[in-house]
Amino acid sequence: MEKVAELQGIRKVYFKPDGSVLVEALRGIDISVVAGEYIAIMGASGSGKSTLMNVLGCLDRPTEGAYLLDGRDVAQMPDDELSRVRGRKIGFVFQAFNLISELTIVENVEVPLFYQGVPRHIRRQRAIDCLGLVGLADRLGHRPKELSGGQQQRVAIARALVTDPAVIMADEPTGNLDSTTGEAILELFESLHERGMTILMVTHDPAIAERCERIIRLRDGLVEFDGPGGRARFDAQRRESSGRRADATEASSR
Ligand SMILES: Nc1ncnc2c1ncn2[C@@H]1O[C@H](COP(=O)(O)OP(=O)(O)O)[C@@H](O)[C@H]1O
Ligand SMILES: [Mg+2]
């Protein structure tokens, strides 16, 4: 299986201005992400989720440890190179959508390609394709404020997809949405997962995490649990208990 991201012994320390340790936000994280995985990152407030996402998303560098993203060591990369890698490899979806209100929907989706110097007509076509994928092909010329929250989050997802990233990272993507709209966004993530997209999602909601393939739970800057979530675990338990029943039947017939 192709590894998209591999963290080895990742530590992140925030220092005080005088150089002494303020917080050890990550205290030794080892995680591998395989292409096509759909992962929930959980943990109490302050456990290090955002710090981990910032490192994984190349928004910040670890204090210590190795980070291979799509085969390249990015842990100690200089800023300009790191931001180039980030632009090419990572698609971000935030709780607050973060769209540019002065731009139309299609222009918003084009922004990451603009920064990569992709020519105008190619930019436009790719943005239209991605908006089609999230069900907004008929809203190209609208501005964000003319759309509902759920539609704005769809635009943000199209913007995350437009660079054809190796990983989509979403921090509480349904946190600002009502439950019906949130459900539709989750279904969109699930359909992207079925198309082979690698997705990491921070969530507080156990019901959402249960729908992912794998759950990574942090506690005080360490991985407390890393294992199958929801569907995968349910299937495994069913196999195990039907196996036990089969064993019992076998034993009683002896
Ligand atoms: N920029 C920062 N400077 C200092 N401490 C920080 C900074 N960012 C986060 N922290 C601290 O690191 C720890 C982990 O924070 P965070 O990753 O935001 O947790 P979570 O997202 O799980 O709530 C917390 O103790 C937090 O106060
Ligand atoms: Mg956070």
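In this predicted model, strands S7 and S8 run parallel to each other and are paired through four bridges. Within this pairing, Met169 is found opposite Leu200 of S8. On its other flank, S8 meets another partner: strand S3 (residues 38-43) and strand S8 (residues 199-202) are likewise parallel and are joined by four bridges. Two of the facing residues can be picked out by eye. Tyr38 has Ile199 in S8 as its bridge partner, and Ala40 has Met201. The side chains of S8 are worth a look as well. Ile199 and Met201 point one way from the strand, Leu200 and Val202 point the other way, and all are buried.

These strands belong to a wider arrangement. An open sheet is formed by six strands, following the order S6-S7-S8-S3-S9-S10, and its pairing is mixed. At its edges are strand S6 (90-93) and strand S10 (222-228), each of which pairs on one side only. Between neighbouring strands of this sheet the average turn is 20°, with direction ignored. Helix H5 packs on the sheet, where it touches S6 and strand S7 (167-171), and the direction of H5 makes about 170° with that of S6.

A further sheet is also present. This open sheet has four strands in the order S2-S1-S4-S5, and the pairing is antiparallel. Here S2 and strand S5 (72-73) are the edge strands, each pairing on one side only. Inside the sheet, strand S1 (residues 3-15) and strand S4 (residues 64-69) run antiparallel and are connected by five bridges. One pair to look for is Leu7 with its bridge partner in S4, Tyr67.

Attention can now turn to the protein chain as a whole. Its secondary structure comprises eight helices and 10 strands. The C-alpha trace spans about 75 × 55 × 35 Å along its principal axes. Of the 254 residues in the chain, 36% are buried. Among contacts with a separation of 6 or more, 65% are between residues 24 or more positions apart.

The largest nonpolar core has 64 residues, and the members that touch the most others are Ile41 and Ala158. Helix H5 (residues 149-161) contributes the most to this core, giving six residues. Which residues does Ala158 contact, leaving aside its neighbours within four places in sequence? The partners are Val109, Cys130, Leu131, Leu133, Val134 and Leu136. One of these, Val109, is among the buried residues of helix H3, together with Ile105, Val106, Asn108, Glu110, Pro112 and Leu113. An α-helix has 3.6 residues a turn, so residues three or four places apart point the same way. The buried residues of H3 pack against helix H2 (79-89), H4 and H5.

Just beyond H3 the chain passes through Gly117, which has a positive phi of about 75°. Pro119 follows in the loop that links helix H3 (105-115) to helix H4 (120-133). Is Pro119 buried or exposed? Pro119 counts as exposed because 8 other C-beta atoms lie within 10 Å, and the cut-off for an exposed residue is 12 or fewer. From Pro119 to Ala209, 90 residues apart along the chain, the C-alpha separation is 39 Å.

Arg214 offers a useful contrast in strand S9 (residues 214-219). Arg214 is classed as buried because it has 20 C-beta neighbours inside 10 Å, and a residue is buried with 20 or more. Apart from neighbours within four places in sequence, Arg214 is in contact with Glu37, Ile39, Gly227, Pro228 and Gly229. The C-alpha atoms of Arg214 and Arg154 are 24 Å apart, with their positions 60 residues apart along the chain.

Finally, there is the ligand to consider. Around ligand 1 are Tyr14, Leu22, Val23, Ala25, Gly43, Ser45, Gly46, Ser47, Gly48, Lys49, Ser50 and Thr51. Strand S2 (21-34) and helix H1 (49-56) are the elements that supply two or more residues to this shell. How many residues of the shell are nonpolar, polar and charged? The shell around ligand 1 has four nonpolar residues, seven polar and one charged.

Key
Residues are numbered from 1 along each chain as its sequence is written. Chains are lettered from A and ligands numbered from 1 in the order in which they are written. This is a predicted model: local features need pLDDT of at least 70, side-chain atom pairs count only at pLDDT 80 or more; totals for chains, interfaces and linings use all residues. A nonpolar core is a set of buried Ala, Val, Leu, Ile, Met, Phe, Trp, Tyr and Cys residues joined through C-beta atoms within 7 Å. Two residues are in contact if their C-beta atoms, placed from the backbone, lie within 7 Å. Two strands pair if DSSP finds at least two bridges between them. Axes are lines fitted to C-alpha atoms, for helices over the stretch in contact, and angles run from 0 to 180 degrees between N-to-C directions. A residue is near a molecule or strand if its C-beta atom, placed from the backbone, lies within 6 Å of it. Ala, Val, Leu, Ile, Met, Phe, Trp, Tyr, Cys and Pro count as nonpolar, Asp, Glu, Lys and Arg as charged, and the others, Gly among them, as polar.
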